[in-house]
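Please open the model in your viewer and keep the selection panel at hand. The stops below are given in the order in which to select them.

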Amino acid sequence: MPDTAPRTLGAHKGLALLVLCAQLFLDSMDVSLMGVALPEIRQDLGLGPQTLQWIISGYAVAYGGFLLLGGRAADLFGRRRLFFWATAVFALASLGGGLVSDGTLLVVSRVIKGVAAAFIAPAAMSIITTTFKEGPERTRAMGIFSLTGASGYAAGLVFSGVLTELHWRLVFFVPFVVAALVLAVTNRAVAPDRPRTGERPGFDAAGALTATAGVLLLVLGLVRAPEVGWGSTATLGSLIAAVVLLAAFVVIQQRRTDPLLPLRIFRSRTLSTANTVGLVWACATIGWQFIALLYLQQVRGYSALQAGLAIVPMAAAILLAVNLAPKLINRSGLRTAAVLGLLLQGGGILLFLRTGTDSSYPAVLLPALIVHGLGNGTSFLAFNIAAVSGVKNEDQGLATALVTAALQLGGGIGVAVGAAVLTGVGGASPSLSAYHWAFLVAAVFSAVGLVAAALGLGAPKGGADVVAADEAAVDGAAADGAAAGDSAADTAPAEAQTLAANLREGRA
């Protein structure tokens, strides 16, 4: 298969990054915009609690369920093409959500936005990873990309209160305007996808159906479990059906010559570890955030806007960490950055065990938020870079979809476990002790990620990680064509294989 990486138009590489970051900023802001607006939406439209939940959950379920399909579609049908049309759907769904006055239609608009985001995210990230060379250049670009995501989330927390004060419909209209601006410059900023030569690979329809349905049911079961109960028929039925469908998906992938998800990609220890770390990272940070916001509002009596503003210092710490993390990664490697970040993330969560019913914000809450934010941003960048390192250009969309799906799934698990701990320990009105137990469980997720990163992300130097992996791949391929060696060599970038060969011959 020829190299299908899109090339930006000469000096416009920075403009391409700006456009992609603008869309990520929008996606991140859109998530945090909705939280503060929900009470106003409920009052204006007369919606019930279940409909309100699905305004949030519908987006998350659709996003998580369609990510794998979105990632593979970007590789097969063109990244810029998919990014453009998915952004157009996102914009129209935002406009529609602002115009409707029916709760069901509002949820439908959010579900459509979630599906569109599932196609946008892997296309955008894979354009970046195939545009910027692996190493310091890509690390810097990914750092800016991650910084944009953190900025968008923080902006959503602040702007949601301001926009809602004017009218809640603005939280739908503002994303429409931003998406329209992104559409206006996408074709000028990002070069067209290279035309494919030869026969186009077949599309794995059976794999797409089983994977999408399986992940949808898994996320759906996790999201609804705290509401309907972990032992309920709905929860158990969703989870069992998800396991059956995902098992069928694996069987299908093993038998197809052109699978939706080539299982060989998991033979990369770095990629597999990065996805594991991303999963538990999201369990920790999204689960902690859910618990912390409830603590601030239900125990401390903060309003939704006050709670959002209270965690802005954490967002600022994330911005600082993501800006500094590329230097740490280039100097010390991905493993060091990931381990240090997860240590700080878990430490910040554990500091919340000091909280009480009247704890001082500057003395107790602020240090915990800052420490957590520093670790959060550092580890996030490290495992995202690891997740696409050494992956062929034609598989970059798939690799980015995998790590994004791991984050979505981890977030669903983290929230579900946090809610289960709160209700299991404290009942309908959780006590301070229940919150402390929930914080402790979130910190355990960080510890699991720390151990996984320390054991699976390879040598301390990021460059050495790639070289060592590729040396093994080259040696394995040369050794009478063993299957594992052949697969590893296939997934190694050509320049890294050359470097590995040079190292053996003493020329590097």
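What follows is a tour that begins with the whole chain and then goes from one helix to the next.

**Before selecting anything**

This is a predicted model, in which local features need pLDDT of at least 70 and side-chain atom pairs count only at pLDDT 80 or more, while totals for chains, interfaces and linings use all residues. Residues are numbered from 1 along each chain as its sequence is written, and side-chain values use heavy atoms, with hydrogens and water left out.

**The whole chain**

Show the chain as a cartoon. There are 18 helices and zero strands; helices (H or I, at least four residues) and strands (E, at least two) are DSSP runs, numbered from the N terminus. Of the 508 residues, 52% are buried. Here buried means under 20% relative accessible area, exposed over 50%, and partly exposed in between, with a 1.4 Å probe and protein chains only.

Switch to a surface. The accessible surface of the chain is about 20200 Å², and carbon and sulfur atoms account for 67% of it. Areas come from the Shrake-Rupley method with a 1.4 Å probe, and for residues only the protein chains shown count as cover.

Now consider contacts, meaning heavy atoms within 4.5 Å. Among those between residues at least 6 apart in sequence, 83% join residues at least 24 apart.

**Cysteines**

How many disulfides does the structure hold? The count is zero, a disulfide being a pair of cysteine sulfur atoms within 2.5 Å. Select C21, which is buried at a relative accessible area of 6%. Then select C283, also a buried residue, with a relative accessible area of 3%.

**Helix 4**

Go to I112, in helix 4 (residues 103–131). I112 counts as partly exposed because its relative accessible area is 38%. Leaving aside neighbours within four places in sequence, I112 is in contact with V89 and A93. Add Y63 to the selection: its C-alpha atom is 9.1 Å from that of I112, with the two positions 49 residues apart along the chain.

**Helix 5 and its link to helix 11**

Next select T139 in helix 5 (residues 136–166). Is T139 buried or exposed? With a relative accessible area of 5%, T139 is buried. Not counting residues up to four places away in sequence, T139 touches P326, I329, N330 and I385. The C-alpha atoms of T139 and I385 are separated by 7.0 Å, although the residues are 246 apart along the chain.

Two of these partners, P326 and I329, are among the buried residues of helix 11, which also include M314, A315 and A317. Select helix 11 (residues 312–332): its 21 residues reach 29 Å from first C-alpha to last, close to the 30 Å expected at 1.5 Å a residue. The expected span is 1.5 Å times one less than the number of residues. Shortly before the proline P326, helix 11 has a kink of about 35° at L324; the bend at a residue is the angle between axes fitted to the seven residues ending there and the seven starting there. Just after the helix, G333 takes a positive phi of about 100°.

**Helix 12**

Continue to helix 12 (residues 334–350), whose 17 residues should span 24 Å and whose end C-alpha atoms are 24 Å apart, in agreement. Colour its buried residues: L334, A337, A338, G341, L342, Q345, G346, G348 and I349. They cover an arc of only 155° around the axis, so they lie on the same side of helix 12. The arc is that of the directions from the helix axis to the C-beta atoms.

**Helix 7**

Move to helix 7 (residues 205–228), where 24 residues reach 33 Å between the first and last C-alpha, close to the 34 Å expected at 1.5 Å a residue. A kink of about 30° lies at L222, shortly before the proline P226. L222 is one of the buried residues of helix 7, which also include G207, T210, G214 and A225. The helix is followed by G229, whose phi is positive, near 105°.

**Helix 9**

Finish with two residues of helix 9 (residues 269–299), beginning with Q298. At 55% relative accessibility, Q298 counts as exposed. Its C-alpha atom is separated by 9.1 Å from that of P430, 132 residues apart along the chain.

T273 lies in helix 9 as well, but is buried, with a relative accessible area of 9%. Not counting residues up to four places away in sequence, T273 touches A452, A453, G456 and L457.
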